[in-house]
Every structure is written in C-alpha cells, then in structure tokens.
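Here's a quick tour of a protein chain for anyone who'd like to know what to look at before opening the viewer. Have the structure handy as you read.

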Amino acid sequence: MEGAIAVATHHDGMSGTERQQVANDYDQRISEGHFEAEAGVSLALQRLAGVTAPVSHCNCQSSGACLNISVCAATTGVDAFTAIAWNPAGQPSNSTLRIPVTGAAFVVTDLASGAVLPHQVTALDARTKSLPLLYINKFGMTGEEFAAASRGRANNATHVLAFRAPLPAAGYASFSVKAAHGDSGAVPAPPGKSAPSTVSNGFYELALDHAAGMVT
C-alpha cells in the first residue's frame with residue numbers, strides 16, 4: 001500500500017506518461033526500501049521491549065515475500081510465540097490482531113496485565129492457502145523448478161488466530177500466544193449466557209451457541 005501511494009506521488013506516476021519499466025523500477029526500489037526500514041523499526045522495537053530474540057514482521061514468508069494474505073513464517077509451525085503490537089496514535093486503541101497459526105487451540109495472555117484474552121480461531125480454506133502460489137512466474141520454469149518454487153511459497157498455516165489487543169497511546173503491548181493441547185480453542189462463554197440464542201432481521205437468522213463459541 002505504501003509503495004502504491006509513493007508511485008502515485010511520483011511526477012511520472014501523476015502524469016501517467018512513464019514507460020512500464022520505469023514504473024516497475026520505482027516499485028522495486030520502494031519495496032526494497034521497505035525491508036531496510038523494517039530492519040530499523042525492528043531494532044528500535046527490540047530496544048524498547050528489552051528483548052534479545054529477533055523480531056519478525058508478520059504477513060511474510062521465510063523467503064521474505066510479504067504478501068499480506070494470511071501468511072506468516074514466524075508464527076506458523078510453532079507452539080509458542082510473543083506478538084508485539086505498536087500503536088502510533090496519540091490515544092489508546094483496541095485493535096484486532098489476526099495471526100496465521102498452525103493448530104486450533106491457543107491461550108492468549110496480555111503480558112502487561114496477565115489477563116487471559118478471549119480469542120477466536122478460524123480455519124483457513126483451500127483457496128486462501130493457494131493464493132501465494134499465484135505470485136509464482138511459471139514462464140520458462142521446468143517441472144522441478146516449479147515444484148521447488150511452490151514449496152517455497154506454500155502457506156503452512158492451518159488457522160487464523162484473532163483477538164482484541166488493548167494498546168496504549170503512542171506505545172506498544174506484548175501478548176503471549178501458547179498452544180493449548182487438549183483444549184478446543186473456543187472463545188469462553190460470557191457469564192450467564194450458556195444457552196444458545198438466535199438473532200434475526202426477518203430475512204436471515206443467526207444461531208449463537210455461547211457455550212461452544214460458534215455461530216451457525
């Protein structure tokens with residue numbers, strides 16, 4: 001998105017008279033600049049949070065291809081990780097974080113307050129998992145090369161973990177995510193609302209099963 005905005009403000013991009021290779025070159029330079037900027041942001045965030053482990057940017061594959069389509073090499077295939085969210089606004093926010101994971105049962109803890117946060121885990125459908133493969137340029141590839149490229153682009157996440165993250169003004173918050181073996185991973189039922197209920201607008205009806213944390 002930032003690259004697209006930058007291209008739109010470039011004098012060639014505004015006039016629309018540039019050759020395609022000029023636009024492609026500008027896009028590439030903006031993309032490469034993002035990686036350099038993220039390295040600086042990661043270092044600053046490490047110092048602020050007092051962590052020594054590497055900080056990874058989500059929505060990226062291990063190859064560094066940032067696709068923003070439910071892909072994250074850092075949180076996929078692991079039983080525990082810490083998510084750090086930064087709020088640049090001058091007032092507190094309560095944002096929803098959506099993180100690709102492997103598995104369907106997790107415990108999310110706000111490390112500042114120690115509170116266990118309610119969450120939802122949604123299975124990734126086959127179409128979403130196949131989207132990274134659309135970025136492969138198959139022209140001139142052999143069968144073996146395409147198979148290797150497919151393995152490199154494969155999305156190994158099985159679900160998306162979503163939870164509301166309370167963030168301070170112009171600051172960050174850290175959240176511990178751990179696999180809950182033997183747990184269903186469902187959102188805890190609100191007190192006093194264990195019985196299923198329905199909501200209707202006259203055309204559609206939703207059945208809310210609070211005990212199971214499901215909507216049908």
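A residue counts as exposed when its relative accessible area is over 50%, as buried when that value is under 20%, and as partly exposed in between. Keep in mind that this is a predicted model.

By that yardstick, arginine 29 is exposed, because its relative accessible area is 57%. Aspartate 25 has 33% relative accessibility, so it counts as partly exposed. Histidine 119, at 7%, counts as buried. Side by side:

| Residue | Relative accessibility | Class |
|---|---|---|
| Arginine 29 | 57% | exposed |
| Aspartate 25 | 33% | partly exposed |
| Histidine 119 | 7% | buried |

**The salt bridge**

Side chains of opposite charge can pair when their charged atoms come close. Arginine 29 does this with aspartate 25: the two form a salt bridge, and their closest N and O atoms are 2.8 Å apart. The count for this model comes to one salt bridge. Both partners sit in helix 3, and because they are four residues apart there, about one helical turn separates them. An α-helix has 3.6 residues a turn, so residues three or four places apart point the same way.

**Helix 3**

Helix 3 runs over residues 20–49, which makes 30 residues, and it spans 43 Å from first C-alpha to last, close to the expected 44 Å. Its buried residues are Ala23, Ser42, Leu45 and Gln46. Strand 1 and strand 7 are among the things that cover them. Right after the helix comes glycine 50, with a positive phi near 70°.

**The core and its neighbours**

Zooming out, the chain has five helices and ten strands. Of its 216 residues, 26% count as buried. The largest nonpolar core holds 17 residues, and Leu161, Phe163 and Phe175 touch the most other members. Strands 1, 2, 3, 6 and 7 each give two or more residues to this core, with strand 6 giving the most, at four.

Which residues does phenylalanine 163 touch, leaving aside those up to four places away in sequence? The list includes Leu97, Val108, Phe175 and His119. Histidine 119 belongs to strand 5 (residues 119–123). A polar atom of the histidine 119 side chain also lies 3.0 Å from the backbone oxygen of phenylalanine 106.

**The surface**

On the outside, the chain exposes about 13800 Å², and carbon and sulfur atoms supply 58% of that.

How values were computed
Residues numbered from 1 in each chain as written. Predicted model: local features only at pLDDT ≥ 70, side-chain atom pairs only at ≥ 80, totals over all residues. Heavy atoms only, no water. Buried < 20%, exposed > 50% of the residue type's maximum accessible area, 1.4 Å probe, protein only. Polar contact = N/O pair within 3.5 Å; in protein donor to acceptor, adjacent residues only side chain to side chain. Areas by Shrake-Rupley, 256 points an atom, 1.4 Å probe, with all protein chains shown as cover. Core = buried A, V, L, I, M, F, W, Y, C linked by side-chain atoms within 4.5 Å. Contact = heavy atoms within 4.5 Å. Expected span 1.5 Å × (residues − 1). Salt bridge = Lys/Arg side-chain N within 4 Å of Asp/Glu carboxyl O.
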